Amino acid sequence: MGTRRFTVERWVEEDPYPRAELSMLPELEWSEALAPLRAEAEAVVRRVIARLGEPQSDAGVELSDDPVAAVWQLAAIAPLGEYDRYTLLRSTSMGGLLRQLIDLTLEAEELWAAEGGL
């Protein structure tokens, strides 16, 4: 389990395991100006989770008081596929992460609705 975000700069010779040269990505910084966007993201994620109606849903999970941790928690519980989760991990700003979280969750909701899942 990782504790910091990174990007692979170059894969190097595998001996005996895959190895790479990495660059650490900067931590995303919180600004109170993002509070309305975070509230929107939380509302969208919780609404879509609730619409899925899964018995073990994360719709009622309590989020951290730390706004940065809470945003990452929202990203973790959002009903997204692995590719979308990796997209969120590559975010370069907290605002960008929140906007992508909202957009990807809404896209997922549309797909499920189109497939008759919602």
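In this predicted model, the buried residues of helix α4 are Met-94, Leu-97, Leu-98, Leu-101, Ile-102, Leu-104, Thr-105, Ala-108 and Glu-109. An α-helix has 3.6 residues a turn, so residues three or four places apart point the same way. The buried residues of α4 pack against three other helices, namely α1 (35-52), α2 (67-77) and α3 (82-89).

Helix α4 itself runs over residues 94-114 and has 21 residues, and from its first C-alpha to its last it reaches 30 Å, close to the 30 Å expected at 1.5 Å a residue. Just after α4 comes Gly-116, which takes a positive phi of about 80°.

Ile-49 lies in helix α1, and Ile-49 counts as buried because its relative accessible area is 4%, where the cut-off for buried is under 20%. Although Ile-49 and Glu-109 are 60 residues apart in sequence, they are 9.2 Å apart in space, C-alpha to C-alpha.

A further feature is the second largest pocket, which holds about 190 Å³ of space. Its lining consists of Trp-72, Ala-75, Ala-76, Glu-82, Arg-85, Tyr-86, Leu-88 and Leu-89, and the elements that give two or more residues to this lining are α2 and α3. The largest share, five residues, comes from α3. The table sorts the lining of the second largest pocket by class.

| Class of lining residue | Number in the second largest pocket |
|---|---|
| Nonpolar | six residues |
| Polar | no residues |
| Charged | two residues |

Methods:
Residues are numbered from 1 along each chain as its sequence is written. This is a predicted model: local features need pLDDT of at least 70, side-chain atom pairs count only at pLDDT 80 or more; totals for chains, interfaces and linings use all residues. Side-chain values use heavy atoms; hydrogens and water are left out. Helices (H or I, at least four residues) and strands (E, at least two) are DSSP runs, numbered from the N terminus. The expected span of a helix is 1.5 Å times one less than its number of residues. Buried means under 20% relative accessible area, exposed over 50%, partly exposed in between (1.4 Å probe, protein chains only). Contact means heavy atoms within 4.5 Å. On a 1 Å grid over the protein atoms alone, a cavity is a set of points where a 1.4 Å probe fits but cannot get out, and a pocket is an open set with protein on both sides within 12 Å along at least five of seven lines; lining residues have an atom within 4 Å of a point. Grid points are joined across faces, edges and corners, and a volume is the space filled by probe spheres set on the points. Ala, Val, Leu, Ile, Met, Phe, Trp, Tyr, Cys and Pro count as nonpolar, Asp, Glu, Lys and Arg as charged, and the others, Gly among them, as polar.
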